[in-house]
Amino acid sequence: MGAKYYLVDSSILPEVYTKVISAKNLLISQKAKSVSEAVRMAGISRSAYYKYKDCIFEYNTQGEETATINAELEDSAGVLSSVVSELYLFGANILSVNQSQPVNAVANVSITVRLPENESKNEEIIRKISNLNGVKSASII
């Protein structure tokens with residue numbers, strides 16, 4: 001049987017779980033240079049950290065939504081870069097980029113982004129991207 005997942009309010013969990021998350025975040029942010037340092041800073045044992053580290057993860061929406069943009073781009077230098085720059089101006093965090101081999105000098109590109117909630121004006125993003133030089137078409141899923 002596969003793993004089951006639950007979304008649980010952290011206030012009902014034993015303190016060790018939140019401390020494991022804290023240690024993991026210290027390592028990710030590089031505020032701790034080693035597991036030993038991270039667990040000392042979080043106030044847990046190494047054994048507790050290793051027991052739970054692969055089983056507990058922080059759920060964090062940060063008021064953001066994920067969207068996938070599909071576009072057809074001309075096979076010209078700088079076209080994808082201009083699309084990425086436009087996404088940056090909207091405050092998008094790029095999660096993945098997939099591009100096909102160009103056929104007839106046009107490549108299909110799929111860009112998955114995390115958008116800040118107050119900037120999730122999907123129509124405006126697509127309109128701006130569609131107006132860039134070298135962009136044949138763009139849509140959002």
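**Entry 1. Helix crossing**

I began with the term that I needed: a crossing is left-handed if the near helix is turned anticlockwise from the far one by less than a right angle, and right-handed if clockwise. The model that I examined is a predicted one. In it, I found the crossing of α1 and α2 to be right-handed.

I then looked up the geometry of this pair. Two packed helices are described by the angle between their axes and the distance between the axes. For α1 and helix α2, which spans residues 35-42, the axes come within 8 Å and cross at roughly 135°. I therefore recorded α1 as oblique to α2. On the α1 side, I listed K19, S22, A23, L26 and L27 as making the contact, and on the α2 side V35, A38, V39, M41 and A42.

Next I turned to the loop between α1 and α2, where I located Q30. The phi angle of Q30 is near 65°, a positive value in a residue that is not glycine. I noted Q30 as exposed, at 56% relative accessibility.

**Entry 2. Aromatic pairs**

I asked how many aromatic pairs a search of the whole structure finds. The search returned 2. One of them joins Y17 and Y52 edge-to-face, with 5.0 Å centre to centre and 85° between the planes. Y17 belongs to helix α1 (residues 15-28) and Y52 to helix α3 (residues 46-52), so this pair ties together parts 35 residues apart in sequence. I entered Y17 as partly exposed, at 23% relative accessibility.

Y49 and Y50 also form an edge-to-face pair, with 5.3 Å centre to centre and 75° between the planes. Is Y49 buried or exposed? I found Y49 to be buried, at 6% relative accessibility, whereas Y50 counts as partly exposed at 39%.

**Entry 3. Nonpolar cores**

In soluble globular proteins, nonpolar side chains tend to be buried together. I looked up the largest nonpolar core here and found 19 residues in it. Those with the most contacts inside this core are V83, L87, V113, I129 and V135. I also checked which elements supply at least two residues each: they are β1 (64-74), α4 (79-89), β3 (106-116), α5 (122-130) and β4 (135-140). A second core, separate from that one, has 12 residues, including V20, A38, A42 and I44.

I followed V113 further. Setting aside residues up to four places away in sequence, V113 touches E65, T66, A67, I69, L87, A92, N93, I94 and L95.

**Entry 4. Strands β3 and β4**

I placed T112 in strand β3. With 18% relative accessibility, T112 counts as buried, the cut-off for that class being under 20%. Apart from neighbours within four places in sequence, T112 is in contact with T66, A67, T68, N93, I94, L95 and S96.

I looked up S137 in strand β4. S137 is partly exposed, with a relative accessible area of 32%. Which residues does S137 contact, leaving aside neighbours within four places in sequence? I recorded N70, A71 and E72. I also noted that the C-alpha atoms of S137 and E74 are separated by 9.9 Å, although the two residues are 63 residues apart along the chain.

**Entry 5. A further positive phi**

I closed with N104, which I found in the loop between β2 (93-99) and β3. The phi of N104 is near 55°, again a positive value in a residue other than glycine. I entered N104 as exposed, at 76% relative accessibility.

Conventions: Residues are numbered from 1 along each chain as its sequence is written. This is a predicted model: local features need pLDDT of at least 70, side-chain atom pairs count only at pLDDT 80 or more; totals for chains, interfaces and linings use all residues. Side-chain values use heavy atoms; hydrogens and water are left out. Rings of Phe, Tyr and Trp (its six-membered ring) pair if their centres lie within 6.5 Å; planes under 30 degrees apart count as stacked, over 60 as edge-to-face and the rest as tilted. Helices (H or I, at least four residues) and strands (E, at least two) are DSSP runs, numbered from the N terminus. Buried means under 20% relative accessible area, exposed over 50%, partly exposed in between (1.4 Å probe, protein chains only). A nonpolar core is a set of buried Ala, Val, Leu, Ile, Met, Phe, Trp, Tyr and Cys residues joined through side-chain atoms within 4.5 Å. Contact means heavy atoms within 4.5 Å. Axes are lines fitted to C-alpha atoms, for helices over the stretch in contact, and angles run from 0 to 180 degrees between N-to-C directions. Angles under 35 degrees count as roughly parallel, over 145 as roughly antiparallel, 65 to 115 as roughly perpendicular and the rest as oblique.
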